[in-house]
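Work through the following exercises with the sequence and the model side by side, and try each task before reading its solution.

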Amino acid sequence: MTSDAAQPGFGDRLLRALGERIPLCVGIDPHAALLLEWGLTDDVRGLESFAMHCVEELAQTVAVLKPQAAFFERHGAAGFAVLERTIQAARRAGAIVILDAKRGDLSSTAAAYADAYLRTESPMYCDALTISPYLGFGSLEPLIQTAIAHQSGVFVLAETSNPEGAGLQRAIDSDGLSVAQAIVNAAARCNAIEATTLGSVGIVMGATIGSDHADVSALRGPILVPGVGAQGATPADVAALFGAGSTVIISTSRDVLRAGPRVGAIADKAKQIGSAVIMHRAS
């Protein structure tokens, strides 16, 4: 595997990928219904065929690929092995890999998750990992410190697009801030310590959260924005939400994946959405 010293920091790698490739994050979400739509079996063989087809079609041109760990885990140890091969193949092809696993726990358990996914020498090493702060932002310290030390990154759930999240994420804390704003502020403090163009601590903010979302102007980190496509949001909506000053990674899964399995179809769909992203960035 690549050593820590041999690669630039996560923020630099991400900015380069977004500048040189299709500026889009495509999820690799092999859920049972989609496997069947593709004419594949809902087992490990179907899982691997699906995942590797996505890598072959997308990993050389799309900036970011985001495997959803749960859809691999449901197939047991063999599914984990496919996930490992998917991560490695996508990274070899030059894509930034964000593992969507939403990990989060206390002390030694959080450190073990960090060892599994954020240490360069791990066979499951990915460029970044989604993590949950809802055991308290301080519980994320082992994950954040490991990410910074090993040139990887994290994306902290801040304000998600599912309606169930608003009651917690928009609740007001003892300092008069929404919980989401407190999370964004904590991520910003982490990035302020790093002497890089773009920090290693990103956040997740859904594309359908509305215009009264948390203020991200001081973040100095990337914003992963799911919800474009099947959930109803468009690249224009995202451009209106965050403006030109933020490093935004638009994430889509179903809109691209449902174009398969014909050879070239999901690559063409990713290019189409990527063109819309570029257009609205420039406007």
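Two exercises follow, on overall form and on the nonpolar interior.

The model is predicted, so that local features need pLDDT of at least 70 and side-chain atom pairs count only at pLDDT 80 or more, while totals for chains, interfaces and linings use all residues. Residues are numbered from 1 along each chain as its sequence is written, and side-chain values use heavy atoms, with hydrogens and water left out.

**Exercise 1.** Describe the secondary structure and the compactness of the protein chain.

Solution. Begin with the DSSP runs (helices, H or I, of at least four residues; strands, E, of at least two), which come to 12 helices and 8 strands. Next take the radius of gyration over C-alpha atoms and compare it with the globule rule, 2.2 Å times the number of residues to the power 0.38: the value of 18 Å is close to the 19 Å given for 283 residues, so the chain is as compact as a globular protein of that length. Finally, the C-alpha trace spans about 55 × 45 × 35 Å along its principal axes.

**Exercise 2.** Determine how much of the chain is buried and which residues touch the most other members of the largest nonpolar core.

Solution. With buried meaning under 20% relative accessible area (1.4 Å probe, protein chains only), buried residues make up 53% of the 283 residues. Then join buried Ala, Val, Leu, Ile, Met, Phe, Trp, Tyr and Cys residues through side-chain atoms within 4.5 Å; in the largest core, of 73 residues, Leu65, Leu99, Phe137, Ile203, Met205 and Phe242 touch the most other members. Helix H3 (residues 44-58) gives the most to this core, with 7 residues.

Conventions:
Buried < 20%, exposed > 50% of the residue type's maximum accessible area, 1.4 Å probe, protein only.
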